[in-house]
Amino acid sequence: MSTALVRPDVPPTTSTASTASGAVRDRLARLVGDPAPGGHETPAPNVFAAGCASRVVLDHVTSKWGVLVIVALAETGLRWGELRRGIEGISEKMLAQTLRILEADGLVHRDAQPTIPPRVDYSLTPRGHELAVHLLPLVRWVGVNAGDIVGGR
């Protein structure tokens, strides 16, 4: 794994137990696409590794609000107020925080118009659209199965 993808606060493990579980880690890494993609010297991120930066991105794009914002923007850009009204239950603080995070991750584009009153539109970047293509089937699956899952408790 590339040192650029390892969090410095998570030390590498070298115990006998970690050696014994190496086969499991290797199998899980292959499941998500590790080792290195063709033509690259550094291995692909392994979301199963404790120190992998991909876990930060996974946390952002799979948070409840992150998923809902990305899916809400999948077909068209929306203003902040439209997002707030469309995603029931999200607080102003959480919407603002989620949009900032997704913008910093390069998934959402913020377009502030210099008008009075100010107009701010949000839309997905090409990378955000690529992600939405994967999230939409998940959200649809959840919607279809939620009643049986929650009702079966």
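The paragraphs below walk through the fold of this protein, from its overall make-up to its helices, its sheet and one unusual peptide bond. The model is a predicted one.

The protein contains 7 helices and 3 strands. Followed along the sequence, these elements come in the pattern α-α-α-α-β-α-α-β-β-α. The protein has 153 residues, of which 25% count as buried. Its exposed surface amounts to about 10,400 Å², with carbon and sulfur atoms supplying 59% of that area. Among contacts in the protein with a separation of 6 or more, 47% are between residues 24 or more positions apart.

A good place to begin is helix 3, which spans residues 54–62. Within this helix, Ser54, His60 and Val61 are buried. These residues lie on the same side of helix 3, because the arc they cover around the axis is only 120°. As general background, an α-helix has 3.6 residues a turn, so residues three or four places apart point the same way. The cover over the buried residues of helix 3 includes helix 4 (64–72), helix 6 (92–104) and helix 7 (126–151).

Two of these covering helices, helix 4 and helix 7, also meet each other. In general, two packed helices are described by the angle between their axes and the distance between the axes. Here the axes of helix 4 and helix 7 come within 9 Å and cross at roughly 110°. Angles of 65 to 115 degrees count as roughly perpendicular, and the two helices are therefore roughly perpendicular to each other. On the helix 4 side, the meeting residues are Val67, Ile70 and Val71. Their counterparts in helix 7 are Gly128, Leu131, Ala132, Leu135, Leu136 and Val139.

Attention now turns to the strands. They form an open sheet of 3 strands in the order 1-3-2, with antiparallel pairing. Strand 1 (78–79) and strand 2 (108–113) each have a single partner strand and stand at the edges, so one side of each is left without a neighbour in the sheet. As a general point, strands of a sheet pair through backbone hydrogen bonds, either parallel or antiparallel. Strand 3, residues 119–124, pairs with strand 1 in the antiparallel sense over 2 bridges. In this pairing, arginine 79 has aspartate 121 of strand 3 as its bridge partner.

Strand 3 also pairs with strand 2, again in the antiparallel sense, here over 6 bridges. Together, strand 2 and strand 3 form a hairpin with 5 residues between them. Across this hairpin, histidine 109 stands opposite serine 123 in strand 3. Another residue of strand 2 is aspartate 111, which counts as partly exposed because its relative accessibility is 31%. Leaving aside residues up to four places away in sequence, aspartate 111 touches Arg119, Val120 and Asp121. Aspartate 111 and aspartate 121 are 10 residues apart in sequence, and their C-alpha atoms are 5.1 Å apart in space.

The loop of the hairpin holds one last feature. Most peptide bonds are trans. The bond joining isoleucine 116 and proline 117, however, is a cis peptide bond, with omega at about -5°. Proline 117 is found in the loop between strand 2 and strand 3.

Terms used. Residues are numbered from 1 along each chain as its sequence is written. This is a predicted model: local features need pLDDT of at least 70, side-chain atom pairs count only at pLDDT 80 or more; totals for chains, interfaces and linings use all residues. Side-chain values use heavy atoms; hydrogens and water are left out. Two strands pair if DSSP finds at least two bridges between them. Helices (H or I, at least four residues) and strands (E, at least two) are DSSP runs, numbered from the N terminus. Buried means under 20% relative accessible area, exposed over 50%, partly exposed in between (1.4 Å probe, protein chains only). Contact means heavy atoms within 4.5 Å. Accessible areas come from the Shrake-Rupley method with a 1.4 Å probe; for residues, only the protein chains shown count as cover. The arc is that of the directions from the helix axis to the C-beta atoms. Axes are lines fitted to C-alpha atoms, for helices over the stretch in contact, and angles run from 0 to 180 degrees between N-to-C directions. Angles under 35 degrees count as roughly parallel, over 145 as roughly antiparallel, 65 to 115 as roughly perpendicular and the rest as oblique.
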